[in-house]
Amino acid sequence: MSSDPSPGFELPLRLFLAFRTLIDDLHDELARQGHADVRPMHGFVFQAIGPAGTTAAELGRRLGVSKQAAGKTIDALERLGYVERGTDPRDARRKTVRLTDRGTDCLDRSARIFDRLRANWAEVLGEDRLRALEGDLRKMTSAEPFLLDVPGWFGGS
């Protein structure tokens, strides 16, 4: 083992590569299961919409993008059958967006696939080492693990 530390830039690149590997593996499996048209950003959108639905303005705030960018994403996901627009039953002036059965199916499948991917990592690394890695990452990151503003943070409009 070398006594020289890795260069500082390697850590974020390796963390991102691990994230990218998991997400690419997820999407390969989603494609095999009938969701070939869903993209990595869509997972953040589905989570931001949530089970109760939301408005385009609120979706934009949650994602860290403009209302117009959120609206374009909603349009695309509506065409693909993952979301639907409607009227808020509590306020007819308010337009909402909700996940369709197809959108919910995609989320459900994603959760099961992530469980299998984690199990694969545990098989390769060992369950103890994977739990230690997860614990170490919890120590070094925010207590809020579900930051949904990644699209905006990465430069969305």
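**Group meeting: a predicted helical model with two strands**

The protein exposes about 10,700 Å², of which carbon and sulfur atoms supply 57%, the accessible areas here coming from the Shrake-Rupley method with a 1.4 Å probe, and with only the protein chains shown counting as cover where residues are concerned. Before I go on, please keep in mind that this is a predicted model, in which local features need pLDDT of at least 70 and side-chain atom pairs count only at pLDDT 80 or more, while totals for chains, interfaces and linings use all residues. Residues are numbered from 1 along each chain as its sequence is written, and side-chain values use heavy atoms, with hydrogens and water left out.

Let me begin with the overall layout. The secondary structure comes to seven helices and two strands, where helices (H or I, at least four residues) and strands (E, at least two) are DSSP runs numbered from the N terminus. Along the sequence the pattern reads α-α-α-α-β-β-α-α-α, and the C-alpha atoms fill a box of roughly 65 × 30 × 25 Å when taken along the principal axes. Of the contacts with a separation of 6 or more, 54% are accounted for by residues 24 or more positions apart, contact meaning heavy atoms within 4.5 Å. Buried residues make up 27% of the 157 residues; buried means under 20% relative accessible area, exposed means over 50%, and partly exposed covers what is in between, with a 1.4 Å probe and protein chains only.

What does the interior look like? In soluble globular proteins, nonpolar side chains tend to be buried together. In this model the largest nonpolar core has 22 residues, of which Phe-46, Ile-49, Leu-59, Leu-63, Tyr-82 and Val-83 touch the most other members. By nonpolar core I mean a set of buried Ala, Val, Leu, Ile, Met, Phe, Trp, Tyr and Cys residues joined through side-chain atoms within 4.5 Å. The elements that give two or more residues to this core are helix 1, helix 2 (40–49), helix 3 (56–63), helix 4 (67–79), strand 2 (91–99) and helix 5 (101–125), and helix 2 gives the most, with five residues. Ile-49 is a useful residue to select on the screen: leaving out residues up to four places away in sequence, Ile-49 touches Thr-54, Leu-59, Arg-62, Val-83, Val-97, Arg-98 and Leu-99.

Three further buried residues deserve a look. Gly-53 lies in the loop between helix 2 and helix 3 and counts as buried at 15% relative accessibility; apart from neighbours within four places in sequence, Gly-53 is in contact with Val-97 and Arg-98, two residues that also appear among the contacts of Ile-49. From Gly-53 to Arg-138 the separation is 85 residues in sequence and 29 Å in space, C-alpha to C-alpha. Thr-100, found in the loop between strand 2 and helix 5, is likewise buried at 15% relative accessibility, and beyond four places in sequence Thr-100 touches Gly-81, Tyr-82, Val-83 and Glu-84. Gly-71, in helix 4, is buried at 15% relative accessibility, and its C-alpha is 11 Å from that of Thr-96, with the two positions 25 residues apart in sequence numbering.

I turn now to the charges. The mean positions of the 24 positive and 24 negative charges are 6 Å apart; Lys and Arg count as positive and Asp and Glu as negative, with His and the chain ends not counted, and each charge is placed at NZ of Lys, CZ of Arg, CG of Asp or CD of Glu.

How many salt bridges does a search of the whole structure find? The search finds 13, a salt bridge being a side-chain nitrogen of Lys or Arg within 4 Å of a carboxyl oxygen of Asp or Glu. In one of them, Arg-14 pairs with Glu-10, with the closest N and O atoms 3.3 Å apart. Because Arg-14 and Glu-10 are four residues apart in helix 1 (residues 10–32), about one helical turn separates them; Arg-14 is exposed at 52% relative accessibility, whereas Glu-10 is partly exposed at 26%.

Arg-118 and Glu-127 form another, with their closest N and O atoms 2.9 Å apart, and here Arg-118 is partly exposed at 28%, as is Glu-127 at 29%. Asp-136 bridges to Lys-139 at 3.9 Å between the closest N and O atoms, and, being three residues apart in helix 6 (residues 127–140), these two are also separated by about one helical turn. Asp-136 is partly exposed at 41%, while Lys-139 is exposed at 68%. Finally, salt bridges that share partners join Arg-118, Glu-127, Arg-131 and Glu-134 into one network.
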